[in-house]
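Please open the model in a viewer and keep the selection tool at hand. The tour below proceeds from one selection to the next.

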Amino acid sequence: MLVFLRRHAPVLIVVVLPTILATLYYLLIASGQYESEAAFVVKDSRPSTRSSSSSGSSGMGGGVMGMAMAGGSGLAENFAVNTYMKSHDAVDALQKRLDLVSMFRHPDTDLLSRLFFANPTPERLLWYYQRHVDVVFHEDTGVTSLDVRAFRPEEAKRIADELLKLGEERINEFNRQVAQNTIRVADTEVTVAENRVKEVQSRMTAFREKSGDLDPTKSSVVGISVIGQLQTELAQADTQLTQMLRNLDPSSPQVQTLKLRINALDAQIKEQHGKAREKMGVSINMAEYDQLMLEREFAQTAYLSTASELETARATALQQQVYVVRVVQPNLPGMPTYPHNFLMIVAVFVGSSLTFLIGRLLVTGMREHAI
């Protein structure tokens, strides 16, 4: 027996012993891990300009190409979400919401499988987390598969659900940033145009208070119209007086009455001319008023234009919205699917055998060279 052990000691130590230990561990000790699976795709609301061309393709090739093109929508955001799900940020968020460390350190979990440190550093927790979470993007379909393994079925599902929520929140943050960047410039221009309108309107109010005239243009037109009307009446009265003097005595009551009316009209005309002379600055007021009116018109036109651009920017931002579509919801696993006991035992046996063979070849080669 001792002779057999000595002769086959290398094989027993390098191949048999690791295989026996692996068999004992995976069959008797290793804790089962439950795997929750989900799938999602990141899409945007912009219409695909290439989908129509792919619809004309026939056969399997056309169908695959169409799926790839459909999956290309929001491609950059898809990669961004996938990267985020395996990052420090995602692990930190999950730790705050679910307490990942407690989930990975159940007392009944074997020492080799569970998280060894009770207070792991962020790097160690990330390394352990990435061993239990797989995020794979399939370029042919644009679908991302999410696989989460945990030592409790409900915990695996909770982690997968929370990861999808985190991905949706990150996409919403992308949308908010895009909307802000798209609308910010247009919104600033609208504010500037609005302030310009208010400033011109304030100057017009100050002008009216100073001049005491709501509209100098209309006031000057009214004044000229009154003088013209009085002059017309005066001319008619003079004509009537001339005709009356041909037939009536100048001292007659009718003639005296008409003369009084003529004198009154002439006095009113002089009064209106006097008022006009008092307002010698009316032309200056009108020039200033016209300038203010022109500035207000330009300001209002600019405001309407920028307001229209703002609405266009908002519509564009809505068209650039990206969202997560859950293709497959996280499932509640009914049995542990990891580790793969038989495959792991075979892998240990094959690895040990290859190690033994390589070592034997090296030793044989060294002996031959030594001779």
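A charge is taken to sit over a ring if NZ of Lys or CZ of Arg is within 6 Å of the ring centre and within 35 degrees of the ring normal. The model shown here is predicted.

Select Arg 149 and Tyr 338 to begin. The charged end of Arg 149 sits over the Tyr 338 ring, 4.5 Å from its centre. Both Arg 149 and Tyr 338 also line the second largest pocket.

Next, display that pocket, which holds about 250 Å³ of space. Its lining further includes Tyr 25, Tyr 26, Gln 33, Arg 131 and His 132. Two elements, α2 (9-29) and α8 (122-132), give two or more residues to this lining. By class, the lining of the second largest pocket comprises six nonpolar, three polar and two charged residues.

Now move to the aromatic pairs, of which the structure holds four. One of them joins Phe 116 and Phe 117 edge-to-face, with 5.3 Å centre to centre and 90 degrees between the planes. Are these two rings buried or exposed? Phe 116 counts as exposed because its relative accessibility is 62%, and Phe 117 counts as partly exposed at 31%. Add Arg 124 to the selection: Arg 124 lies over the face of Phe 117, at 4.1 Å from the ring centre.

Finally, select Val 192 in helix α9 (residues 153-211). Val 192 is exposed, with a relative accessible area of 55%. Then pick Thr 306: the C-alpha atoms of Val 192 and Thr 306 are separated by 9.3 Å, although the two residues are 114 residues apart along the chain.

Notes. Residues are numbered from 1 along each chain as its sequence is written. This is a predicted model: local features need pLDDT of at least 70, side-chain atom pairs count only at pLDDT 80 or more; totals for chains, interfaces and linings use all residues. Side-chain values use heavy atoms; hydrogens and water are left out. Rings of Phe, Tyr and Trp (its six-membered ring) pair if their centres lie within 6.5 Å; planes under 30 degrees apart count as stacked, over 60 as edge-to-face and the rest as tilted. Buried means under 20% relative accessible area, exposed over 50%, partly exposed in between (1.4 Å probe, protein chains only). Helices (H or I, at least four residues) and strands (E, at least two) are DSSP runs, numbered from the N terminus. On a 1 Å grid over the protein atoms alone, a cavity is a set of points where a 1.4 Å probe fits but cannot get out, and a pocket is an open set with protein on both sides within 12 Å along at least five of seven lines; lining residues have an atom within 4 Å of a point. Grid points are joined across faces, edges and corners, and a volume is the space filled by probe spheres set on the points. Ala, Val, Leu, Ile, Met, Phe, Trp, Tyr, Cys and Pro count as nonpolar, Asp, Glu, Lys and Arg as charged, and the others, Gly among them, as polar.
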